[in-house]
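Subject: A structure for you to look at

Hi there,

Here is the structure I promised to pass on to you. Have a look at it first, and then read on for what turned up in it.

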Amino acid sequence: MNLFPLLDQVTVLPNFAVGSKEELINALVDILEEKLESDEQLEEVRNAVFEREEIMSTGVGKGLAIPHAKTKAVTENLAAFALLKEPLDFDSIDDEPVRLVFLLVGPESNNSQHIKLLSRISRLMNSGSFREKILGCTSTEEILSAFKEEEEKYFVS
């Protein structure tokens with residue numbers, strides 16, 4: 001499964017300004033609202049993401065955070081991406097702030113697919129040239145195009 005189809009005009013936030021990690025996660029979860037059927041589902045997703053974050057920060061280093069969770073509230077994978085205007089402290093493992101944030105939420109029933117998607121995000125974002133390309137983007141369209149091109153270059157499926 002590719003990441004690009006999980007992102008769209010609504011779920012990509014370029015040049016996004018937030019004041020805290022909590023505000024950022026809440027904003028990313030909120031943009032998934034139209035993909036869910038109820039406010040209850042949205043709150044279950046929010047709770048699952050924050051519960052996962054309490055276990056250990058999802059700030060994985062190199063300016064990237066991948067907040068994620070599995071929950072019974074969803075039946076398919078959902079994602080959102082933010083390119084932050086300013087670096088934000090995210091309690092990352094390398095103690096560096098983040099500017100690239102990829103939220104992934106998946107169904108509890110499909111653990112292997114969730115792990116594969118997390119791995120794909122990590123592999124894509126591990127590329128210094130790709131991170132630089134994304135950091136240079138100024139619009140949703142540019143970010144979507146960058147993800148599509150990078151996946152087509154490395155992952156043909």
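A definition to begin with: a residue is called buried when its relative accessible area is under 20%, exposed when that area is over 50%, and partly exposed in between. Asp 8 comes out at 24%, so it counts as partly exposed. Please keep in mind that this is a predicted model.

Now to the charged side chains. Side chains of opposite charge can pair when their charged atoms come close. How many salt bridges does the count come to? The count is nine, and a few of them are worth finding on your screen.

Start with Asp 8 again. Its side chain meets that of Lys 35 in a salt bridge, with 2.7 Å from N to O. This pair links distant parts of the chain, 27 residues apart: Asp 8 sits in the segment before strand 1 (12-16), while Lys 35 sits in the loop between helix 1 and helix 2. With a relative accessible area of 31%, Lys 35 is partly exposed.

Next, look at Glu 149 and Lys 133. They form a salt bridge whose closest N and O atoms are 2.8 Å apart. Lys 133 belongs to helix 4 (residues 128-135) and Glu 149 to helix 5 (residues 140-154), so the salt bridge ties together parts that are 16 residues apart in sequence. Glu 149 is partly exposed at 40%, and Lys 133 is partly exposed at 35%.

What separates the partners Glu 152 and Lys 148 in helix 5? They are four residues apart there, which means about one helical turn. Their salt bridge has its closest N and O atoms 3.3 Å apart. Glu 152 has 48% relative accessibility and counts as partly exposed; Lys 148, with 36%, is partly exposed too. Elsewhere, salt bridges that share partners join Lys 21, Glu 53 and Asp 91 into one network.

Finally, which residues gather in a patch of negative charge on the surface? They are Glu 33, Glu 34, Asp 39, Glu 40 and Glu 44. To find Glu 33, go to the loop between helix 1 (21-30) and helix 2 (39-55). Glu 33 is partly exposed, because its relative accessibility is 43%.

Enjoy exploring, and write back with any questions!

Best wishes

Methods: Residues numbered from 1 in each chain as written. Predicted model: local features only at pLDDT ≥ 70, side-chain atom pairs only at ≥ 80, totals over all residues. Heavy atoms only, no water. Patch = residues over 30% accessible without salt bridge, like charges linked within 9 Å, V, L, I, M, F, W, Y side chains within 5 Å. Areas by Shrake-Rupley, 256 points an atom, 1.4 Å probe, with all protein chains shown as cover. Salt bridge = Lys/Arg side-chain N within 4 Å of Asp/Glu carboxyl O. Lys, Arg positive; Asp, Glu negative; His and termini not counted. Charge placed at Lys NZ, Arg CZ, Asp CG, Glu CD. Helix = DSSP H or I, 4+ residues; strand = E, 2+ residues; numbered from the N terminus. Buried < 20%, exposed > 50% of the residue type's maximum accessible area, 1.4 Å probe, protein only.
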